[in-house]
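Me: I've got a structure open and I'd like to work through it with some questions. Can you walk me through the reasoning each time?

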Amino acid sequence: MTVAAPSAPVRRRTLHAQFVRRLLWPLVTAFVLAASVTALVGYHAEKSEQDTQRAQTLAIFARSLVKPLWDCDGATAQGIADTLAQLPIVRGVRLQDVCADTAVETGSVAAPDTADPDLLQTPVVHRDEQGRAFTVGHLAIQFHPFSVASTASQGLLQQLAIFGAMLAVVLAGAALVFRSIIGRPLARFREAILAHRPVHEDAPTPARFADELTDVTHAYDELVRELRRLARHDPLTDLGNRVVLEEHLASAIERAVTHGGHGYVLLLDLDGFKPINDTHGHAVGDFVLQTVARRLRAATRGTDMVARLGGDEFVIVAEGPQPGLSDLMARVARAVEEPIASGAGLLRVGTSIGAARFPDDGRTSLALLMHADEAMYAAKQGKRRAPKA
Amino acid sequence: MDTRPCSRRAALALLAGASLPAHAAGPAAFVVQNEPHLAHARALVRAALQAAGMQAEFTDAPRGNERRNLFQISQGQTHVDMMPATPARLRLVQQGRLRMVPVPLDRGLLGWRINLLLETHKARLAHVRTVADLAHFSMGQNVGWMDVEIYRAAGIPTKEVKRWSDGEFAEQMEAGFLDLFPLGLEETLNYFLPHFRKRYPQLTVDPYILVRYPWFRFVWIAPGPRTDALHAALLAGFDRIVADGSFLQVWARHRQPPAPEVFKSRTVIDIPNPFYDQTLVPERYRHLLVQQDRP
């Protein structure tokens, strides 16, 4: 037999932290991919530009060398070659002066027959007035090497800065959006759960969009409302229970006291219910209770309140002027005593009713219910003592 | 260097070479210097070839400075040019890398130099009498010209400029970089001054000074078998036209000796050429040199 080791406490990590941590790696991957593609594209663009620049440099300097070489002015030609060698993109220059029969080399230059992509060469050709070509020299320029790595390294800092800025903006934006869309609704949800109340307490302002979280909170609200209803109502008859009765009665008493009115509390106890329950079973008993509850609602006004205290006890709270207490009690008694058609046949129950008047007989629900209960008890005793019809 | 009259060997070469183009492919084609101020020299070359009985077609050589011209002809890319004798050319002749016909195409007038200067400075040389006086002025010459060495040897400060053939040195005179730009007397009066004034009307000729030094324009021929017959024909032809007087007739069709007025009020300053003197011109041609030095 093995004993499960106590599980280590789960580390707490906020959704936002998880969101950021999971977002970071895709972003870094995206940056690496973007930087690679940028470097590659940049290399091709830069190479094309470099090729053009190299060709232009070669052509321009070859052109500028034509006159001095044609004039056999070696000093000027050397000066031009030296200037060329100073260019940042140039590693070395070799100039062959046909007139002087010399070749001057500045910097590092590959041999003429080397297949070096960074070595560009051209003859320096003078064309006279008649268009005849005279080769007066030969110019070779060795350019600094150019590679993907050098291009990438040139733009790396810039790209890192851009990526850093983008990352900061994305994370800050994500934090704000996360807080707005998830963080705050979750906090409201949590508060609602802790307070045992719906998230959308009153008629909620319709959200702009329904999302998954809205679905969850609405489902939660439905659940809370149902639980609330079950906590305040009798599940069998759907009448209010004692909680509802006491709240309603307290309000009615306050209104009566405030406005100088009055009202009645009627406590009903069914007569003959227990034998039905015992004889025909709980299902028939429940049916009888449901029927009685429905009839009581029908026999009272819409402003009156009917509650079930439990078992076969019902309470009616009637506010305001009445046709008369005795009429009310008679109407209620008739409604209860009507035969009930059930699967077990026609059934009959009676009722003993005790009444209390408020605020005269009491200003609390407890006092009034006790008063009504005493009256009801007396009525029941009276029935027992009276000879049966 | 060969300054002797046409030798027997040259005559044989002439006969051999001259006969070849006629029998084979018509007149021989040669690349010959051709510049506007050398019309007389080119005409004399043609006259000499005609006198020697050689038919030839000329193609113009590309234009360049003296260094380029010397390179072109010493490499055989130009076959004939008519340039002043310089130490470099004479050295190549001695080395057998260049050939010359030492006939003074300008009759020695090339060494008679007058100065071009700005019109506003026309009187600047009015009081110059000696070389020492002239040394107070800055002269300009083209890069590579031998004149530079002659003037410098005489103590006259001389600067080399790259562009001159259209009078561009006038801009450097206005900038204060140059004072004078000397050229040959006859070529200046007959050709250069009117040519320069087309673009630079502010240029004029100094009326006070005439500088002279031994300075001769010869005919130069590229080395090699390609020009053997040409060389021989020119040697023989020039001998012939000098002897029969047609040299002077052809020359007179293009050039004129300076008028006596040119010398009026001009101070003549003779300076030596440190590289050669009049003996460079063979005795048989020396009578061609203009001897007049005073009106």
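Me: How many bridges pair β3(A) with strand β4 of chain A, and in which sense do they pair?
Reply: Keep in mind that this is a predicted model. Strands of a sheet pair through backbone hydrogen bonds, either parallel or antiparallel. Strand β4 covers residues 133–143 of chain A, and one of the facing pairs is A:Gln121 opposite A:Ala140 in β4(A). For β3(A) and β4(A), the sense is antiparallel and the count is nine bridges.

Me: What is the strand order in the open sheet of four strands in chain A?
Reply: Start from the edges: β2 and β3 (119–127) of chain A each have a single partner strand, so one side of each has no neighbour in the sheet. From one strand to the next, the twist averages 15 degrees. The pairing is antiparallel, and the order reads β2-β1-β4-β3.

Me: Which strands of chain A does α2(A) lie across?
Reply: Two helices are worth looking at here. α1(A) packs on the sheet and touches β1, β3 and β4 of chain A, with its direction at about 140 degrees to that of β4(A). α2(A) runs at about 165 degrees to β1(A). The strands that α2(A) lies across are β1, β2 and β4 of chain A.

Me: Is A:Cys72 buried or exposed?
Reply: Find A:Cys72 in the loop between α1 (15–70) and α2 (74–85) of chain A. Its phi is near 55 degrees, a positive value in a residue other than glycine. Most residues other than glycine have a negative phi. A:Cys72 has 23 C-beta neighbours inside 10 Å, and the cut-off is 20 or more, so A:Cys72 counts as buried.

Me: And A:Asp101, is that one buried or exposed?
Reply: A:Asp101 sits in the loop between β1 (90–97) and β2 (102–107) of chain A. Phi of A:Asp101 is also positive, near 55 degrees. With 9 C-beta neighbours inside 10 Å and a cut-off of 12 or fewer, A:Asp101 counts as exposed.

Me: How many of the seven residues of strand β7 of chain A are buried?
Reply: Look at the partners of β7(A) to begin with. Strand β5 (residues 263–271) of chain A runs antiparallel to β7(A) and is joined to it by seven bridges, with A:Ala318 as the bridge partner of A:Tyr264. Strand β6 (residues 305–310) of chain A is joined to β7(A) by five bridges, again antiparallel. β7 (residues 313–319) is largely enclosed by the rest of the structure, because the number of its residues that are buried is six.

Me: Which residue takes a positive phi in the hairpin of β6(A) and β7(A)?
Reply: In this hairpin A:Val306 stands opposite A:Ile316 in β7(A). Two residues lie between the strands. The one with a positive phi, near 55 degrees, is A:Gly311.

Me: Which two residues of chain A does a cis peptide bond join?
Reply: Most peptide bonds are trans. Here omega is about 5 degrees. The second residue of the pair is in the loop between β10 (350–358) and α9 (365–385) of chain A. The bond joins A:Phe358 and A:Pro359.

Me: Over in chain B, which helix gives the most to the largest nonpolar core?
Reply: That core has 105 residues, and B:Val219 and B:Leu234 are among those with the most contacts inside it. B:Val219 touches residues including B:Val45, B:Met100 and B:Leu234. A second, separate core of 40 residues includes A:Ile316 and A:Phe358. Back in the 105-residue core, 10 residues come from the top contributor, helix α9 (residues 228–243) of chain B.

Me: What percentage of the 295 residues in chain B are buried?
Reply: For chain A, with nine helices and 10 strands, buried residues make up 23% of its 389 residues. Chain B has 12 helices and 12 strands. Its buried percentage is 45%.

Me: Which helix gives the largest share of the side of chain B that touches chain A?
Reply: The contact takes 10 residues from chain B and 10 residues from chain A. On the chain B side, they divide into three nonpolar, two polar and five charged. Three residues of that side come from the helix you're after, α3 (residues 66–74) of chain B.

How values were computed: Residues numbered from 1 in each chain as written. Chains lettered and ligands numbered in written order. Predicted model: local features only at pLDDT ≥ 70, side-chain atom pairs only at ≥ 80, totals over all residues. Core = buried A, V, L, I, M, F, W, Y, C linked by C-beta atoms within 7 Å. Contact = placed C-beta atoms within 7 Å. Nonpolar A, V, L, I, M, F, W, Y, C, P; charged D, E, K, R; others polar. Pairing = 2+ DSSP bridges. Axes fitted to C-alpha atoms, helices over the stretch in contact; angles between N-to-C directions. Lists of a residue's contacts leave out its neighbours within four places in sequence.
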